[in-house]
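Good morning, colleagues. Please take a moment to look at the sequence and the structure, and I shall then guide you through them.

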Amino acid sequence: MAKRGSLYVLGIFLPIWTLLIYIFCKELLLIRKYQNIDNSYTIDSQKAKEKYDSSRRRHYFPHLKLSRNSYDENALNYTRQDDFNHVYPRENATILMLVRNSELEGALDSMRSLEDRFNNKYHYDWTFLNDVPFDQDFIEATTAMASGKAQYALIPPEDWNRPTWINETFFEERLREMEDDGVLYGGSKSYRNMCRFNSGFFFKQSILDDYDYYFRVEPNVKYYCDFPYDPFRIMRLKGKKYGFVISLYEYEETIPTLWDAVEKYLETNEGTILPKEESAYAFLTDSGLVGKHYPIIEANSNYNLCHFWSNFEIGDLNFFRGDEYKKFFESLDIKGGFYYERWGDAPVHSIGVSLLLKPDEIIHFDELGYFHSPFGTCPASYAVRLDQRCRCQSDDESVIDIAPHSCLMRWWKNGSGKYFLKEEQPQV
Ligand SMILES: Nc1nc2c(ncn2[C@@H]2O[C@H](COP(=O)(O)OP(=O)(O)OP(=O)(O)O)[C@@H](O)[C@H]2O)c(=O)[nH]1
Ligand SMILES: [Mg+2]
């Protein structure tokens with residue numbers, strides 16, 4: 001009876017057990033199969049990564065002549081992984097922005113970009129200047145955005161406003177004329193204050209007294225690439241006093257008599273300043289063929305209208321505070337051209353540094369991608385763009401570097417030249 005019962009149980013449960021074992025084995029096989037697929041994906045993606053990495057490495061290191069000008073022998077040995085927890089040494093420098101309360105959004109955009117690309121490692125101070133007091137919203141938002149200290153200063157009226165010796169009747173007349181002629185900002189009074197302030201007064205602000213270097217930033221600009229070095233450090237170690245990224249031609253109708261004033265200054269100061277052959281005078285006056293291009297504008301004076309675009313500049317404050325620049329600025333200021341015309345701080349700074357400094361005291365920061373509407377600059381080398389995580393294309397039509405309306409080639413010819421990575425750098 002018991003034997004019949006166990007056969008009965010076996011008869012019912014055997015197929016069930018067989019089915020369960022079958023399902024279990026099938027699952028096991030499926031799992032193995034998927035594991036194999038996973039493995040093969042991992043292997044494939046590893047292979048792809050290795051292939052990509054090795055082709056990148058080929059781009060980075062062998063005998064390529066990369067077009068850059070970093071003056072930093074180790075620029076390409078920099079590895080991002082080493083950056084964590086690294087404390088970066090800082091120079092005696094500040095980032096500097098002259099700005100209106102109404103430009104807060106643009107100021108924050110520029111700050112965000114420069115913090116991401118450079119200052120989040122260094123935490124340099126941000127110094128904000130204004131001709132009226134900054135409002136609370138402006139101070140709160142910019143302080144929050146800065147990774148370093150943020151400080152704010154009110155420009156004294158005598159450094160900002162029109163001097164009393166400006167002939168008001170003539171000034172109003174000239175404003176109307178320039179406005180009617182369609183000159184950019186031709187009818188603006190505040191723009192003229194700003195240009196004169198930036199030409200001759202920003203470096204006198206007491207908030208800057210203890211700094212050696214400044215990095216000018218404007219609202220609504222972009223930095224396209226990670227900075228591969230601290231530009232302030234390059235300035236100090238290599239004895240540079242002025243740094244730029246973009247150079248282009250000025251609108252002549254804003255400076256009809258600027259060069260006359262410069263020539264008077266040169267006559268008066270001959271023998272006390274650098275001889276023309278030792279300065280970058282030729283950069284300002286060469287209007288011959290460079291590469292494929294003559295200057296895009298035929299100027300009415302010996303000045304070819306080339307200038308460094310001053311919305312980006314890194315400079316040595318001690319140079320601007322020095323007697324030579326002071327004398328240069330005062331000799332121009334007294335002519336009244338900041339008001340009767342519309343002299344910009346860009347040509348004034350550029351002429352000043354080109355006449356008073358040796359060419360190799362001026363540096364073109366070749367690898368710092370940058371945009372201020374409507375022009376930008378972007379490193380020409382593909383490997384550099386990868387390495388610095390650039391978000392720009394060097395053939396974009398806004399990129400001015402070697403376009404006909406750029407003066408960069410004129411700088412290469414008449415300034416401190418163009419150097420290539422792995423070529424010997426000039427001794428400074
Ligand atoms: N506080 C203050 N800042 C000013 C004033 N005008 C211009 N600025 C600042 O001076 C710098 C140059 O002014 P912009 O208006 O950018 O002049 P621009 O670069 O020639 O012209 P855009 O093409 O308009 O940028 C910027 O940082 C401005 O924020 C002003 O009246 N007061
Ligand atoms: Mg601007």
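Let me begin with a single residue: is Lys-327 buried, partly exposed or exposed? The model before us is predicted, and in it Lys-327 has 15 other C-beta atoms within 10 Å. A buried residue would need 20 or more, and an exposed one 12 or fewer, so Lys-327 counts as partly exposed. This lysine is part of helix α11. Its C-alpha lies 8.9 Å from that of Tyr-265, although 62 residues separate Lys-327 and Tyr-265 in sequence.

Let us stay with this helix. Which residues of α11 are buried? In this helix, which spans residues 323-333, they are Tyr-325, Phe-328 and Leu-332. These three lie on the same side of α11, because the arc they cover around the axis is only 60 degrees. Asp-323 and Glu-330, by contrast, are exposed on the other side of the helix. The cover over the buried residues of α11 includes four helices: α8 (258-269), α10 (317-321), α12 (337-340) and α13 (345-356).

I turn now to the chain as a whole. Its secondary structure amounts to 15 helices and 12 strands. The chain has 428 residues, of which 36% count as buried. Among contacts with a separation of 6 or more, 83% are between residues 24 or more positions apart.

Next, the sheets. An open sheet of seven strands follows the order β3-β2-β1-β4-β9-β6-β10, and its pairing is mixed. The edges are formed by β3 (150-154) and β10 (362-364); each has a single partner strand, so one side of each is left without a neighbour in the sheet. On average, and ignoring direction, neighbouring strands here are turned by 20 degrees against each other. Within this sheet, β1 (residues 93-98) and β2 (residues 125-130) run parallel and are joined by five bridges. Thr-94 stands opposite Asp-125 in β2.

An open sheet of three strands is also present, with the order β5-β11-β12 and antiparallel pairing. Its edge strands, β5 (222-223) and β12 (375-377), each pair on one side only. Three bridges link β11 (residues 370-372) to β12 in the antiparallel sense, and His-372 faces Phe-375 in β12.

The loop between these two strands deserves a remark. Which two residues does a cis peptide bond join? They are Ser-373 and Pro-374, with omega at about 5 degrees; Pro-374 is located in the loop between β11 and β12. As a general rule, most peptide bonds are trans, and most residues other than glycine have a negative phi.

With regard to phi, two residues should be mentioned. Asn-220, in the loop between β4 (213-216) and β5, has a positive phi near 65 degrees without being a glycine. Asn-220 is partly exposed, since 16 other C-beta atoms lie within 10 Å. Leu-305 likewise is not a glycine, and its phi is positive at about 80 degrees. This leucine occupies the loop between α9 (281-285) and β8 (306-308). With 24 other C-beta atoms within 10 Å, Leu-305 is buried.

Finally, the ligand. What surrounds ligand 1? The residues around it include Leu-98, Arg-100, Asp-131, Met-194, Glu-218 and Asn-311. By class, the shell consists of four nonpolar, three polar and four charged residues.

Thank you for your attention.

Technical notes. Residues are numbered from 1 along each chain as its sequence is written. Chains are lettered from A and ligands numbered from 1 in the order in which they are written. This is a predicted model: local features need pLDDT of at least 70, side-chain atom pairs count only at pLDDT 80 or more; totals for chains, interfaces and linings use all residues. Two strands pair if DSSP finds at least two bridges between them. The arc is that of the directions from the helix axis to the C-beta atoms. Two residues are in contact if their C-beta atoms, placed from the backbone, lie within 7 Å. A residue is near a molecule or strand if its C-beta atom, placed from the backbone, lies within 6 Å of it. Ala, Val, Leu, Ile, Met, Phe, Trp, Tyr, Cys and Pro count as nonpolar, Asp, Glu, Lys and Arg as charged, and the others, Gly among them, as polar. Axes are lines fitted to C-alpha atoms, for helices over the stretch in contact, and angles run from 0 to 180 degrees between N-to-C directions.
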